[in-house]
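Hi everyone, thanks for making room for me today. I'd like to walk you through one structure, so let me put it on the screen and then we'll go through it together.

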Amino acid sequence: MQWIITATEQPPEWFIQAVQKYAATSKGIYAAQLLWQRGIKQESQLAAFINFKTYQPASAFEFGQEIQLAVARLQQARNKGEKIAIWGDFDADGITSTAVLWDGLGQFFQQHQQLDYYIPNRLKESHGLNEAGIANLAKQGCTLIVTCDTGSTNIDEIIYAQTLGIDIIVTDHHTLPPERPPVTAIINPRYLPNEHQLFHLSGVGVAYKLIEALYKSLPDVPQNPLEDLLDLVAVGLIADLVQLSGDCRYLAQLGIQRLQADFQQPPTARRRPGVGRLLELCQRSGDRPTDISFGLGPRINAVSRIQGDASFCVELLTSRDINRCHELAEVTELANTRRKSLQKDVQAQVTQKLTQLDLSTTSVIVLEDPQWPAGVLGLVAGQVAQETGRPTILLSTDGLENEQDSSQSLARGSARSVNSVDLYQLVKHQAHLLHRFGGHPFAAGLSLLAQNIPLFTQAINQQLRQTLGSVNLTPTVQADIAVTVADLGKELFLELKLLEPCGMGNPVPKLLIQNCWFENSWHRNQQDSQGKKVQYIKAEFDIRDDSSKNPFPGIWWGHYKDELPIGRCDCIAELDYNTFKKRYEIRLIAVRPNPNSELKTQHSTQILDWRNLPSPQSPAPNPQSLILEECPMNWDDLRAWWRRSLYNNQQLVLAWSKPSLQPPQEIWITLVGIAKYLSRTNQLATRIQILEKLKISDRSLLLGIKALKYWGFTVTRQDRSLQFIWSPNTIIDSSADTAIAEFLATVSEEQFQQKYFAEVPLSTVMAMVNRV
């Protein structure tokens, strides 16, 4: 990974003094450097950036004729008593957009009578409008749909709505179609010049501007102030990672103030008890943008990723019923916990698949798997893109049937970009191979026929190689300023807080700390709200350097303590305040050993039993011996042990006995027995439970399930578990023998490889681990 240190141009003294007026500290030099290098070089710019009271926001009517058409149509609907539906989206921006319209339009239309909302199911439907949902709204008497965070490119669906007598007002911020869609009005900031104050609004910001225009047009109607919507606007803006400049920054600043003020009220007096309870569950107070980006945003997003249907989140954000809100908040928190576990599982599987790719010849990473849950693929794709420096597309091939041909299955997935590669345009050029797609330059969702994946992979890689020419894609991490451990703490935190809210175009300051070392490191699994451990790791440590005798605390999400270098190193981190622990701490972003480090030398040997490999989460073993624990072999664990031996300058020895393997025919009989038992008892079993029982791979299990279907079993997935239902009437004898033979051949091949692997020299094993 390439480290880039931003060249820090020294700002003039007058600018430093101007910054000190705003900072609650006498220093201000670091904040001045950051602001100066980010283009804030005039006192008027500085005032508007830091103090929202000096900023002049844009009027909602700067959207021109489109917003006037929208307001006129809404007034007409109000006068005629028409029924209106809000069509939202299932991510945090779409949910908060829907909530803003629900509360805002609810001042003019009776909720649940004249006004309702519709959120697509992430696991069954895609982003945007769909004909089935439109038809259902038409049956309910709906004559006007107001979209939020979606709809700009849904031309066919818009035309279909017209045939049913439904008008559509689009409020959105996504890519525009070549021609204006046939809608009553379309309010989209992409029609504005790039430098316009409103250009970077996310979906929730556009929805808010529509309500603002309606408030100004019918000022005597609303009972609640427009400002009551700003906390929701801040959540959507920050969670959607839009560029926080212009009105985006202004609205986020106002919204965070509203969010914090409401949280400080007693729980029974809060305007938004659901938001308050979510903040309590994630141990935050609502006064920081990170409370949204690391707290509220991921939790709202997790619901659709895990459950598919996230429509109750609108109720969570808008209801005044404290008991109902607390109930929904708990469901949301548990969904986020399960999302973390799923994400970690998929991340491990993706990492293993990456070892089979030659990244030197790969420009766009495209990976597929039938077991991957589609809801977390975007998150994992983002991690892989950052780590590899390459756009990444992850697909679940256990998809829906194609509407045109039920014999062909659709793969669905998510794409994330990096290194300024416009992913939307990249994917758009392959539209002829896709079923559907949409998104941003840095994030997209797509579906395509599973059989088209190889062709799509080849084409998109060729296209990016031609676009880049001789430019190499390299993973990079950037630091803004260099500091010492002695600098860390309250004063620096207050300086850097001047830049908040941070986001795209104004990222959280990255601090370079050189020639430092770590002490008192440990790690643990995270726990859910019910105290149960989840498969998500966090390492904690103290950081030291020569600038101070006092250590400073820090955390490293998703990493084991053994991944911290031994000896002196350089690191890049963010400074944060932990509301729960009431302490300042750093959040580690990247770390590398310092070439001048004097590593501790230990000549002891660790002996690990390959067949009973202990988890690296276990307490550090005695250098001369190791107490073995029963634990399934895991490449991630082995890699962590390999790193530990490197850091400690120790030899690592693997010992194992030859595997005792059950004949493939007996494995098939065991699988059939499991299926019959689960069908008879109506119980569920996870994929991991079945794999551990049979000692086979995912691929073999997939072929086994395929064979079971010909034997009369229907196998369905319920969340992370499998359900088996047996019906003798559906047995297909002619195909069963072929499917079983394929299963037995695959198991035999795997067992041959396992037997061969047990006889490979240790040096070869170590080389394989090192590659992993």
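One thing up front: this is a predicted model. With that said, let's begin inside, with the cavities.

The lining of the largest cavity is made up of 4 nonpolar residues, 1 polar residue and 3 charged ones. Which residues are they? Asp231, Leu259, Asp262, Phe263, Arg272, Val275, Gly276 and Leu279. If you want to find the place on screen, look for α10 and α11, since each of these helices supplies at least two residues of that lining. The volume of this largest cavity is about 40 Å³.

How many cavities of 30 Å³ or more does a search of the whole structure find? The search finds 2. The second largest has a volume of about 30 Å³, and around it sit Lys83, Ile84, Ala85, Asp116, Leu137, Gln140 and Cys142. Here a strand takes the lead: β2, residues 83-87, gives the most to the lining, with 3 residues. By type, this second lining has 4 nonpolar, 1 polar and 2 charged residues.

Now for the charges, which I suspect many of you have been waiting for. The count of salt bridges comes to 36, and I've picked a few to show you.

Take Arg73 and Glu82, whose side chains meet with N and O 2.9 Å apart. Are these two buried or exposed? The cut-off for buried is under 20% relative accessible area. Arg73 is at 7%, so it counts as buried, and Glu82 is at 12%, so it is buried too.

Next, Lys209 and Asp247. Their closest N and O atoms are 3.4 Å apart, and the two form a salt bridge. This one links distant parts of the chain: Lys209 belongs to helix α8, residues 203-217, while Asp247 belongs to helix α10, and 38 residues separate them. Lys209 has a relative accessible area of 2%, so it is buried. For Asp247 the value is 0%, so that residue is buried as well.

My third pair is Arg288 and Glu500, with side chains meeting at 2.5 Å, N to O. Arg288 is in the loop between α11 and α12, and Glu500 is in the loop between α18 and β14, so this salt bridge ties together parts that are 212 residues apart in sequence. Both partners are buried.

There is also a network: Asp103, Asp228, Asp231, Arg258, Arg271 and Arg272 are joined into one by salt bridges that share partners. Two names there should sound familiar, as Asp231 and Arg272 are also among the residues lining the largest cavity.

Let's stay with Glu500 for a moment and turn to the backbone. In general, most peptide bonds are trans, and most residues other than glycine have a negative phi. Glu500 and Pro501, however, are joined by a cis peptide bond, with omega at about 0 degrees. Pro501 lies in the loop between α18 and β14.

For phi, I have two lysines to show you. Lys582 has a positive phi, near 50 degrees, and is found in the loop between β17 and β18. Lys695 has a positive phi too, near 60 degrees, and lies in the loop between α21 and α22. Where do they stand on accessibility? Exposed means over 50% relative accessible area. Lys582 has 64%, so it counts as exposed, and Lys695 has 60%, so it is exposed as well.

That brings us out to the surface. Leu241, Phe442 and Met504 form a nonpolar patch there, and together they have about 290 Å² of accessible area. Leu241 comes from the loop between α9 and α10. Its relative accessible area is 56%, so Leu241 is exposed.

One last stop, at His435, in the loop between α16 and β10. Its relative accessible area is 28%, so His435 counts as partly exposed. Its C-alpha atom is 7.5 Å from that of Leu446, which is 11 residues away along the chain.

That's my tour. If you'd like one place to start looking for yourselves, try Glu500: this buried residue pairs with Arg288 in a salt bridge and is joined to Pro501 by the cis peptide bond. Thanks for listening!

How values were computed
Residues are numbered from 1 along each chain as its sequence is written. This is a predicted model: local features need pLDDT of at least 70, side-chain atom pairs count only at pLDDT 80 or more; totals for chains, interfaces and linings use all residues. Side-chain values use heavy atoms; hydrogens and water are left out. Patches are made of residues with over 30% relative accessible area and no salt bridge: like charges are joined within 9 Å, nonpolar side chains (Val, Leu, Ile, Met, Phe, Trp, Tyr) within 5 Å. Accessible areas come from the Shrake-Rupley method with a 1.4 Å probe; for residues, only the protein chains shown count as cover. A salt bridge is a side-chain nitrogen of Lys or Arg within 4 Å of a carboxyl oxygen of Asp or Glu. Helices (H or I, at least four residues) and strands (E, at least two) are DSSP runs, numbered from the N terminus. Buried means under 20% relative accessible area, exposed over 50%, partly exposed in between (1.4 Å probe, protein chains only). On a 1 Å grid over the protein atoms alone, a cavity is a set of points where a 1.4 Å probe fits but cannot get out, and a pocket is an open set with protein on both sides within 12 Å along at least five of seven lines; lining residues have an atom within 4 Å of a point. Grid points are joined across faces, edges and corners, and a volume is the space filled by probe spheres set on the points. Ala, Val, Leu, Ile, Met, Phe, Trp, Tyr, Cys and Pro count as nonpolar, Asp, Glu, Lys and Arg as charged, and the others, Gly among them, as polar.
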